[in-house]
Amino acid sequence: MGQGNDRGTQYRSGLYYFDEDQRKLFEASRDTYEKALKAAQAGEGSSITTEIAAASDYPEVFYYAEDYHQQYLAKPGARPYCSAQPQQVSLPPFEEWAPEDLKETYAPKLPEDFWKVGSLP
């Protein structure tokens, strides 16, 4: 229910899956990234609290935030605020964390080197 110092339901993050493959991938990536964060921060990393739930659990209408709120920190001229800072920790390659039964079906189409362009050292 928050990001940095901002609190409330409007600041929560969520991943809403439509099938079991998505659920498994969402949970595996969350668990792997949380471990990577904690390892990089000598065990001091926070737990990831992003909600992962079935999209069918939310049959009501979904409203996106205004465009100027979408991907705010990636926009030209955006200024970082509070704790909205990059963690400088990358998610390990897909092959290292994807569930075995999903690796072939959902393998990235682009080579791992592609993602290194413009990424963190």
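Q: What counts as a salt bridge in this predicted model, and how many are there?
A: A salt bridge is a side-chain nitrogen of Lys or Arg within 4 Å of a carboxyl oxygen of Asp or Glu. A search of the whole structure of this predicted model gives 5 salt bridges.

Q: Why is the pair of glutamate 27 and arginine 23 called a salt bridge?
A: The closest N and O atoms of glutamate 27 and arginine 23 are 2.7 Å apart. The cut-off is 4 Å, so the pair qualifies.

Q: What separates glutamate 27 and arginine 23 along helix H1?
A: The two residues lie 4 residues apart in helix H1 (residues 20-40), which means that about one helical turn separates them.

Q: Why are glutamate 27 and arginine 23 called partly exposed?
A: Glutamate 27 has 25% relative accessibility and arginine 23 has 21%. Partly exposed lies between under 20% for buried and over 50% for exposed, so both residues take that label.

Q: Which residues are linked with Arg23 in a network of salt bridges?
A: Glu20 and Glu27 are linked with Arg23 in such a network.

Q: What makes aspartate 101 and lysine 24 a salt bridge?
A: Their side chains meet at 2.7 Å, N to O. That value is within 4 Å, so the definition is met. The pair links distant parts of the chain: aspartate 101 belongs to helix H3 (residues 100-106) and lysine 24 to helix H1, 77 residues apart.

Q: Is aspartate 101 buried or exposed, and on what value does the label rest?
A: Aspartate 101 has a relative accessible area of 51%. Exposed means over 50%, so aspartate 101 is exposed.

Q: Why is its partner, lysine 24, called partly exposed?
A: Lysine 24 has 29% relative accessibility. This value is neither under 20% nor over 50%, so lysine 24 is partly exposed.

Q: How do you know that arginine 30 forms a salt bridge with aspartate 31?
A: The closest N and O atoms of arginine 30 and aspartate 31 are 2.9 Å apart. The limit is 4 Å, so this is a salt bridge. Arginine 30, at 25% relative accessibility, is partly exposed, and aspartate 31, at 36%, is also partly exposed.

Q: Why does threonine 32 of helix H1 count as buried or exposed, and which?
A: Threonine 32 is found in helix H1 and has 19% relative accessibility. Buried means under 20%, so threonine 32 counts as buried.

Q: Which residues is threonine 32 in contact with, leaving aside its neighbours within four places in sequence?
A: Threonine 32 is in contact with Leu91, Pro92 and Trp97.

Technical notes:
Residues are numbered from 1 along each chain as its sequence is written. This is a predicted model: local features need pLDDT of at least 70, side-chain atom pairs count only at pLDDT 80 or more; totals for chains, interfaces and linings use all residues. Side-chain values use heavy atoms; hydrogens and water are left out. Buried means under 20% relative accessible area, exposed over 50%, partly exposed in between (1.4 Å probe, protein chains only). Contact means heavy atoms within 4.5 Å.
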